[in-house]
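User: I'd like to go through the cysteines and one of the pockets. Can you put the entry up?
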Amino acid sequence: MEATAVTWAVLGLLSFGPRSGYDLKQSVDRTIRHFWAASYGQIYPELKKLEAEAWIAGKEAARGGRSRRVYRITALGRRELQHWLHGEETRIELRDESLLRLFFADNLPREHALGLVAARREGYRAMLAYLRSLDDGGAPDPPFVDLVYRWGLDYCAWGIEWCEQQERRLRRAA
């Protein structure tokens, strides 16, 4: 089977406990979406593929008047997930439309281009506020979930500082 990042996202989320396709999408949006998004159009076909490979097992579970299928990771799926986690290939892929705009911002009048830097800074501020709002003060997250959460906080704080520095630098250069 050709595994993709969606494969590992689905298996990883199922390693926390059984979920339906809908539950998986909600989990993606609440947790990993900020660094790896997955749509319903990716999740549901992946579930079918993973079930066909016996990496997950699903069973029908009624919820109100609607039927839904709830999936759990199998021992084989857990072994595959652990194999991937131990893998030595680490590729960092950044898809950032704001950076794409900045790359081409020389096509804009200077003040409009500087406005893109300011908008990016405000985007980081909004994301930082959102991430902080996720901390409900309840039970602590698992250590490596917390590690990624802290990375998000630090990344946003760095992004705000970087945008402020670059905006000052670009204004001085004008």
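Analyst: What follows covers disulfides, then a pocket. This is a predicted model, where local features need pLDDT of at least 70 and side-chain atom pairs count only at pLDDT 80 or more, while totals for chains, interfaces and linings use all residues. Residues are numbered from 1 along each chain as its sequence is written, and side-chain values use heavy atoms, with hydrogens and water left out.

User: How many disulfides turn up in the whole structure?
Analyst: Zero, taking a disulfide as a pair of cysteine sulfur atoms within 2.5 Å.

User: Why no bond for C156?
Analyst: The closest cysteine sulfur, in C163, is 11 Å from the sulfur of C156, which is too far for a bond.

User: Is C156 buried or exposed? And C163?
Analyst: C156 is buried, at 3% relative accessible area. C163 is buried too, at 0%. Buried means under 20% relative accessible area, exposed over 50% and partly exposed in between, with a 1.4 Å probe and protein chains only.

User: Switching topic. How much space lies in the second largest pocket?
Analyst: About 300 Å³.

User: Which residues are closest to its centre?
Analyst: Y22, Y44, R66, S67 and R68, out of 13 that line this pocket.

User: Which elements give two or more residues to that lining?
Analyst: α2 (21–30), α3 (40–52) and β3 (66–73). β3 gives the largest share, five residues.

User: And what is the lining by class?
Analyst: Six charged, four nonpolar and three polar residues.

Definitions and conventions: On a 1 Å grid over the protein atoms alone, a cavity is a set of points where a 1.4 Å probe fits but cannot get out, and a pocket is an open set with protein on both sides within 12 Å along at least five of seven lines; lining residues have an atom within 4 Å of a point. Grid points are joined across faces, edges and corners, and a volume is the space filled by probe spheres set on the points. Helices (H or I, at least four residues) and strands (E, at least two) are DSSP runs, numbered from the N terminus. Ala, Val, Leu, Ile, Met, Phe, Trp, Tyr, Cys and Pro count as nonpolar, Asp, Glu, Lys and Arg as charged, and the others, Gly among them, as polar.
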